[in-house]
There are 2 protein chains.
Amino acid sequence: MGGIMNMYHPTRIPIGSGFGHKQTPLGRRAVHRVRMSLREEGPSVAIVGVTGAVGQEFLSVLSERDFPYRSLKLLASKRSAGKTLTFENRNYTIEELNENSFGDVDIALFSAGGSISKKFGPLAVEKGAIVVDNSSAFRMDEGIPLVIPEVNPEAMEGIKVNNGKGALIANPNCSTIICLMAATPLHRRAKVTRMVVSTYQAASGAGAAAMEELEEQTREVLQGKEPTCNIFKQQYAFNLFSHNAPILSNGYNEEEMKLVKETRKIWNDHNVKVTATCIRVPVMRAHAESVNLQFETPLDEKTAREILSNAPGVVVIDDRAANLFPTPLEVSNKDDVAVGRIREDISQDGNYGLDIFVCGDQIRKGAALNAVQIAEMLL
Amino acid sequence: MGGIMNMYHPTRIPIGSGFGHKQTPLGRRAVHRVRMSLREEGPSVAIVGVTGAVGQEFLSVLSERDFPYRSLKLLASKRSAGKTLTFENRNYTIEELNENSFGDVDIALFSAGGSISKKFGPLAVEKGAIVVDNSSAFRMDEGIPLVIPEVNPEAMEGIKVNNGKGALIANPNCSTIICLMAATPLHRRAKVTRMVVSTYQAASGAGAAAMEELEEQTREVLQGKEPTCNIFKQQYAFNLFSHNAPILSNGYNEEEMKLVKETRKIWNDHNVKVTATCIRVPVMRAHAESVNLQFETPLDEKTAREILSNAPGVVVIDDRAANLFPTPLEVSNKDDVAVGRIREDISQDGNYGLDIFVCGDQIRKGAALNAVQIAEMLL
């Protein structure tokens, strides 16, 4: 990627937008005005894993949303420590994450994998920081709020920067967030009793290197070469495969069980029945999900469309005449989750079922944006 | 494609196999021995739409399966008429399809679109030919058998070349065939009452030009250019979208309703409930389907795996430890439909549900192979 200085460019013009990301996977979309959110009264913020795809998106989202901060600490592994990075016209030196990183931190946004979160998350909390953790390390722990701000903000009630107390809040998994952004408004009206989900998941969920691998493999296949498989053990270009997460004893993979378990926790409904099949498709940075819903009380599609049209963070793209519905490319680099193909499920009688198709940016609402929205609620 | 003479090459070595097809989308996989099936006692065979992706696959499959024929007539539109094509070491001149094409034909394999089938199918039957039609024109017509040989051979009972009577048999839609190859053996044991299907459909379903468009668009996007959209109105490279079939008044698209209606007809079960969401993914020639099944009587996953392992035309790829399951690339150019991710649906109690993931070559078992298998049953 040619030096860490090139990583964050809020004003760079996007090229190769056909990917739904800039030519350099780590490059960022153009932000039309650069806001300066460095303010005395803001919290001190740390980003753990700043060199990753989600870490980079944290910066982008913080800047776009004018998130106030008194100071910013950029943390990464030893490998990246010492490199500098420009953000909102200031130069920052990336520091190596260690036990002493959190002494003066109010809010720490973590996205450096589960083992880093497990080791350093509790340390940061001990030092008084509020950790918003993007890994799966603490999501299912009792007492840890698992929050989608549009869905269950009440789960983090009372957790505020000004309390002076550390806390940990978990960011749900990307496919859960994207699914529940669309399913929850309908659930509130008619109570979802069962949900059958099939996902179409982008490379970005496996990180920036996976996006690069997809791009590189595609070039190779087009040139008639053998594709190089490093991140995934099978060809990804012009192919798809069952999600690479480990398979559990019940035959579901971990990604699928996240959808099952996280939905129950977020909806605070331990009876909701969920099954999921998670598949990786050769798309760069946005997930799609085909969701079949069963309801406790009838819900017709007209009402469903109306509910979804008014749901915060959701946009309805459902033009049957033009055959235009959500696509991953269209939602790439966008905040909103798009929903379409809203129709009464003909395999269920009496308006007790709906089929919908949902797309959302995996790095943005599926990760960084949701975490920053959580951070906003801490102020 | 550089001249029609280059289209059919049963002995050409495949290059660029990363696509799951040869570098030239119309090129054929290598056939290791070329059989000569020209025999006096065989039927006279016509192929309608021989220059299309499925038409080409008809030739490939006929040759590989040593299908006997007394004569072979290659029919296409005016555009291709007069060109020559080599098949099993003989040169054929492609003839223009017209009202007089079927005077001496025993079996006509049609794959030239619904309107051609509607116009010329009944004409061929009148002349005494048995038409195996790959279009959707007659599939739902009463009295027209809709056949997957492994599933409902009884539907075409009594239809034989030696009868001297014309007949029309419909080949089901590709996604129906691939789904039912896996679902039927389970249905026979435990009776499927409801099925929720989400598809991951390849370019080939929209023809050879769509495969070329996907390849070309991908090159363009990798070069940072705007992708050329001719066949589909939106970007296909590194993207996916709701199937391009027209949307009906109930909100389902025609592709989805084929799965719903054809399943009922093929299973001769008008009560089976099916819902489907059909999506095109940037894959060349094999479809994948995520299928959630509900049964009338319990069926555990061990029994299901055993049943599928013994099902004709089905191969089980279900290695949980190695995380290896069916992929479209793996089944490309293969006859068998692959099934994996076989697991008890945790959203249903008491073994009344299973989730499976199925992949099958769209051009082969989804079209040409199934039609040739039907033709074999006519002898």
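**Close-up views of a predicted model**

**View 1. His287(A) in its surroundings.** His287(A) is buried, at 0% relative accessible area (buried means under 20%, exposed over 50%, partly exposed in between; 1.4 Å probe, protein chains only). This is a predicted model: local features need pLDDT of at least 70, side-chain atom pairs count only at pLDDT 80 or more, and totals for chains, interfaces and linings use all residues. Residues are numbered from 1 along each chain as its sequence is written, chains are lettered from A in the order in which they are written, and side-chain values use heavy atoms, without hydrogens and water. His287(A) sits in strand S12 (residues 286-295) of chain A (strands are DSSP E runs of at least two residues, helices H or I runs of at least four, numbered from the N terminus). Its contacts (heavy atoms within 4.5 Å), leaving aside neighbours within four places in sequence, include Cys174(A), Tyr200(A) and Gln362(A).

**View 2. Cys174(A) in helix H3 of chain A.** Helix H3 spans residues 174-190. Cys174(A) counts as buried, at 7% relative accessibility. Not counting residues up to four places away in sequence, Cys174(A) touches Glu255(A), His287(A), Gln362(A) and Gly366(A).

**View 3. The sheet of chain A.** Six strands form an open sheet in the order S5-S2-S1-S6-S7-S8, with parallel pairing (at least two DSSP bridges between two strands). Strands S5 (95-96) and S8 (167-170) stand at the edges, each with a single partner strand, so one side of each is left without a neighbour in the sheet. S1 (residues 44-48) and S6 (residues 107-110) pair over four bridges. Ala46(A) stands opposite Ala108(A) in S6(A).
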